[in-house]
Amino acid sequence: MNSVRCPARITARSKPHRPRAVQRVLFDSAYYGLSRAKKVSTQMSALLEKFQENGLPKVSQVTGSPVAKTMAGIDQLLLILPARIPAPLWRKIPQGSKVQVLMRRQVAGAQPSVRTRLTNKRQTALIVGKIDTSLEAFEILSLARKLVSAATSEKAGTLGIWVLGFDDADQKRLIADFLAAALAAAFVMPAYKSKATPSRIRSLRLIGLTNRLDLDRTLAEAEGNNLARFLTALPANKLDAFSYTGLIKEMAGKEGWQYKRYGVKELEKLGAGAFLAVAQGNDNDSAAIVRLRYRPGDQAMTPALSLVGKGIIFDTGGTNLKPFASMLDMHIDMGGSAVALGTLLAATRLKLDTPIDCWLAITENRTGPKAYKSQDVVTALNGKTIQTIHTDAEGRMALADALTLASQANPDVIIDYATLTGACMNAVTSRYSGVFTNRPNLHPVLRKSGRDSGERVWPFPIGKEFREELKSETADLKQCSPNGGGDHILAASFLEEFVDEKIAWIHIDLSACTRKGGLAHVPTDITGFGVRFSVNLIIDKDVVHSASSK
């Protein structure tokens with residue numbers, strides 16, 4: 001992720017570009033056989049096992065009015081009530097008279113509204129919250145995070161969730177949101193301490209249901225989000241490029257994805273000079289672009305959707321070195337690839353009918369005698385030449401060739417994810433992420449997906465007028481502007497040059513990848529932002545058909 005911008009002077013430096021016909025043969029001849037799960041390294045296997053051990057807690061459902069036996073099996077009960085509680089409802093609330101008295105003592109608007117204990121043998125902790133159903137998804141999810149945190153301040157046990165006093169539609173929606181918050185809180189983030197971090201929740205019990213609920217989507221989104229957070233949190237010496245591609249390969253075998261790794265030598269043959277410019281500072285050939293293919297039917301199907309992720313394992317800034325404060329957390333700069341992978345996992349769990357490709361551009365951005373420099377000229381995979389201006393604008397270089405590869409597979413829609421610019425965070429803060437598209441008519445759809453999923457986005461313009469600032473005297477275009485203003489818009493306008501104009505393309509600049517104290521339903525600083533948004537966009541907004549038909 002770059003936060004500083006660019007100097008300017010010129011020396012030409014480029015690798016010979018392969019003819020397009022040679023590229024096509026190399027691309028088409030790549031092997032896409034089903035990969036087999038095997039241990040390519042002890043470290044990689046241990047990482048995957050650690051994620052799987054931290055899997056989702058058991059979730060059970062109980063229909064009808066809860067009885068004493070149900071309450072006796074719950075350590076903490078989270079009771080969600082309407083903002084205005086009708087008088088008859090108090091008779092259904094455990095120790096309703098006591099709760100009513102305690103609620104009157106609270107300051108108006110306090111959450112939780114009540115903390116007390118039931119008088120059963122287990123001394124079940126009772127945490128009561130009140131919800132106005134007119135609130136938007138983000139507000140409800142944020143409140144759910146707060147109430148789940150209050151309910152899980154004790155030793156881990158069985159957390160009960162009871163949504164009482166709402167109609168069936170609202171009950172279903174609120175249960176899904178509170179369950180999402182509980183699943184996010186239950187996940188144990190990676191840590192390397194001598195004493196293991198315990199889970200805050202052992203199991204979940206949904207009680208007082210009118211009917212049993214289909215929880216598949218909530219569970220799939222939670223698992224995808226957990227994977228994205230897990231990978232993003234790993235230290236760069238634990239998740240280096242070798243172990244990352246190895247972990248992905250093992251996951252592919254377990255999930256039935258087709259796996260292909262384009263290593264440095266193969267990328268050189270293809271002419272992927274933009275990606276390789278970033279990778280050339282590495283002290284080994286660990287850099288790679290990985291392609292995964294999820295196919296619900298015919299394995300040879302053309303992808304309807306391609307997910308593309310920036311996977312910069314650690315970003316020093318390169319030759320234009322970052323200052324300490326900006327470099328400290330740059331192990332998270334592969335967060336875009338983690339969100340793409342988490343979205344693919346969620347789609348797999350939901351058994352979507354959509355054939356999906358996933359392209360992950362994995363490398364470090366290092367400094368050293370071989371690292372690329374300002375004013376180098378490199379040739380990207382699509383034949384366009386790039387004048388490099390600032391080596392900390394490496395994300396757009398790595399993504400450029402990955403987007404070209406994704407375009408060559410001819411999907412209907414491409415969505416890419418990247419922790420790309422500091423400018424986007426300055427524009428929308430870490431509460432939102434920025435979205436950009438070559439189909440401006442999608443702006444309302446993207447905003448609505450953000451509102452509905454609770455992962456909010458804000459659209460920005462891109463196009464020819466902005467590429468005026470990327471005109472170069474020595475190459476087809478500059479990597480970025482030396483002036484730096486509006487770099488999030490310029491970065492997206494640069495990336496558009498590497499997407500086939502016939503393909504609908506959405507770029508997400510993940511300014512909400514991290515936020516102190518969490519965001520929406522997620523309690524950790526690393527948010528996994530993008531998985532819920534993408535699932536909503538794919539399923540509820542049917543983006544593959546709506547984007548490709550316009």
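In which loop does Gln375 lie? Gln375 sits in the loop between strand 10 (356–365) and strand 11 (377–379); helices (H or I, at least four residues) and strands (E, at least two) are DSSP runs, numbered from the N terminus. The model is predicted, so to speak of local features a pLDDT of at least 70 is needed, side-chain atom pairs count only at pLDDT 80 or more, and totals for chains, interfaces and linings use all residues. Residues are numbered from 1 along each chain as its sequence is written, and side-chain values use heavy atoms, with hydrogens and water left out.

Back to that loop. Phi of Gln375 is near 75 degrees, a positive value in a residue other than glycine. Gln375 counts as buried because its relative accessibility is 6%; buried means under 20% relative accessible area, exposed over 50%, and partly exposed in between (1.4 Å probe, protein chains only). Gln123 also has a positive phi, near 55 degrees, and is not a glycine either. Gln123 belongs to the loop between strand 3 and strand 4, and at 39% relative accessibility it counts as partly exposed. One more backbone feature turns up at Gln111 and Pro112, which are joined by a cis peptide bond with omega at about 0 degrees. Pro112 is part of the loop between helix 4 and strand 3.

Now for the overall picture. The secondary structure of the protein adds up to 19 helices and 17 strands. For 550 residues, a compact globule would have a radius of gyration near 24 Å, and the protein, at 25 Å, agrees with that. Here the radius is taken over C-alpha atoms, and the globule rule is 2.2 Å times the number of residues to the power 0.38. Along the principal axes, the C-alpha atoms fill a box of roughly 80 × 50 × 45 Å. Of the 550 residues, 62% count as buried. The protein exposes about 22000 Å², of which carbon and sulfur atoms supply 51%; accessible areas come from the Shrake-Rupley method with a 1.4 Å probe, and for residues only the protein chains shown count as cover. Among contacts with a separation of 6 or more, 80% are between residues 24 or more positions apart, where contact means heavy atoms within 4.5 Å.

One open sheet has 6 strands in the order 1-6-5-2-4-3, with mixed pairing; two strands pair if DSSP finds at least two bridges between them. Its edge strands are strand 1 (58–63) and strand 3 (114–117), each of which pairs on one side only. On average, neighbouring strands of this sheet are turned by 20 degrees against each other, direction ignored. Strand 1 and strand 6 (residues 203–209) run parallel and are joined by 5 bridges, with Ser60 standing opposite Arg205 in strand 6. Helix 5 (residues 137–151) packs on the sheet and touches strand 2, strand 3, strand 4 and strand 5 (158–163), its direction making about 165 degrees with that of strand 4. Helix 4 (residues 96–105) lies across strand 2 (76–82), strand 3 and strand 4 (125–131), at about 145 degrees to strand 3. For these angles, axes are lines fitted to C-alpha atoms, for helices over the stretch in contact, and angles run from 0 to 180 degrees between N-to-C directions.

Strand 13 (residues 413–418) is a well-covered piece, with 6 of its 6 residues buried. Val413, Ile415 and Tyr417 cover one side, Ile414, Asp416 and Ala418 the other, and all are buried. Strand 13 pairs in the parallel sense with strand 9 (residues 305–315) over 5 bridges, and Ser306 stands opposite Ile414. Strand 13 also pairs in the parallel sense with strand 17 (residues 504–509), over 6 bridges; there, Tyr417 has Ile508 as its bridge partner.Some helices are well covered too. Helix 17 (residues 487–496) has 10 of its 10 residues buried, so it is largely enclosed by the rest of the structure; among the buried residues are Asp487, His488, Phe494 and Glu496. In helix 7, 15 of the 18 residues are buried. The 18 residues of helix 7 (residues 216–233) should span 26 Å at 1.5 Å a residue, and its end C-alpha atoms are 26 Å apart, which agrees; the expected span is 1.5 Å times one less than the number of residues. Arg532, in helix 18 (residues 531–540), is buried, with a relative accessible area of 10%. Leaving aside neighbours within four places in sequence, Arg532 is in contact with Leu141, Asp177, Ala180, Glu221, Ser453, Glu455 and His521.
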